[in-house]
Amino acid sequence: MAGYLLPLDFDPAGTTEFLLVPYFGACIHEPPPPPNQVIYLKSSTPFAATSLFEGVMITGTMRVQSEKKDLSFVDGSSEVASGYLLEGESIEPYQGDEGEE
């Protein structure tokens, strides 16, 4: 599953809980996407995101499960609903269709 990570907590060594959203900027000072487009991600190993602007590819097990999580911003926080839980086994930078013809 490809998307953009929004960490639910900040730890320089890495975080294990994120929201995976479908487009850059989702949930940041905008109305969040609907719950069917937001995935609550629990990673099996901590991941240190280098940027909110880089896409990632997640592999793991996904299931339908509603969640509401607090997403913190510089100037406050907001509760964001998700419709799925993804138990991530790996998080890699997203390469997209580069190199394909």
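1. F47 counts as partly exposed, at 22% relative accessibility. The model is a predicted one, and F47 is a convenient place to enter it. F47 pairs with F18 through their aromatic rings, edge-to-face, with 6.3 Å from centre to centre and 65° between the planes. F18 lies in strand 2 and F47 in strand 3, so this pair ties together parts that are 29 residues apart in sequence. F18 is buried, with a relative accessible area of 1%.

2. How many aromatic pairs does a search of the whole structure find? It finds two. Besides F18 and F47, there is the pair of Y4 and F24, which is edge-to-face with 6.4 Å between centres and 70° between planes. Y4 sits in strand 1 (residues 2-7), while F24 sits in the loop between strand 2 (15-21) and strand 3 (39-47), so the pair ties together parts 20 residues apart in sequence. Y4 is partly exposed, with a relative accessible area of 22%. F24 is partly exposed as well, and its relative accessible area is 46%.

3. On the fold as a whole, the chain has five strands and zero helices. From the N terminus on, its elements run β-β-β-β-β. The C-alpha trace spans about 40 × 30 × 25 Å along its principal axes. A compact globule of 101 residues would have a radius of gyration near 13 Å, and the chain agrees with this because its own value is 13 Å.

4. On packing, buried residues make up 32% of the 101 residues in the chain. Of the contacts with a separation of 6 or more, 62% are between residues 24 or more positions apart.

5. Which residues form the largest nonpolar core? There are ten: L6, L8, L19, V21, A26, V38, Y40, L71, V80 and L85. Strand 2 and strand 5 each supply at least two residues of this core. Another core, of nine residues, lies apart from it; among its members are L5, F18, I58 and I91. F18 thus has two entries in this note: it belongs to the nine-residue core and it forms an aromatic pair with F47.

6. On charged side chains, the count comes to two salt bridges. In one of them, the side chains of R63 and E87 meet at 3.5 Å, N to O. This pair links distant parts of the chain, with R63 in strand 4 (residues 56-73) and E87 in strand 5 (residues 76-93), 24 residues apart. R63 is partly exposed, with a relative accessible area of 39%. E87 counts as partly exposed too, at 33% relative accessibility.

7. The other salt bridge joins E67 and K69, whose closest N and O atoms are 3.8 Å apart. Is E67 buried or exposed? E67 is buried, with a relative accessible area of 18%. The cut-off matters here: buried means under 20% relative accessible area, so a value of 18% falls on the buried side.

8. The surroundings of E67 deserve a separate point. E67 is found in strand 4. A polar contact of 2.5 Å joins its side chain to that of Q65. Leaving aside residues up to four places away in sequence, E67 touches Y40, V80, A81 and S82. Of these neighbours, Y40 and V80 are listed in the ten-residue core.

Definitions and conventions: Residues numbered from 1 in each chain as written. Predicted model: local features only at pLDDT ≥ 70, side-chain atom pairs only at ≥ 80, totals over all residues. Heavy atoms only, no water. Phe/Tyr/Trp six-rings, centres within 6.5 Å; stacked < 30°, edge-to-face > 60°. Helix = DSSP H or I, 4+ residues; strand = E, 2+ residues; numbered from the N terminus. Buried < 20%, exposed > 50% of the residue type's maximum accessible area, 1.4 Å probe, protein only. Salt bridge = Lys/Arg side-chain N within 4 Å of Asp/Glu carboxyl O. Polar contact = N/O pair within 3.5 Å; in protein donor to acceptor, adjacent residues only side chain to side chain. Contact = heavy atoms within 4.5 Å. Core = buried A, V, L, I, M, F, W, Y, C linked by side-chain atoms within 4.5 Å. Rg over C-alpha atoms; globule rule 2.2 N^0.38 Å.
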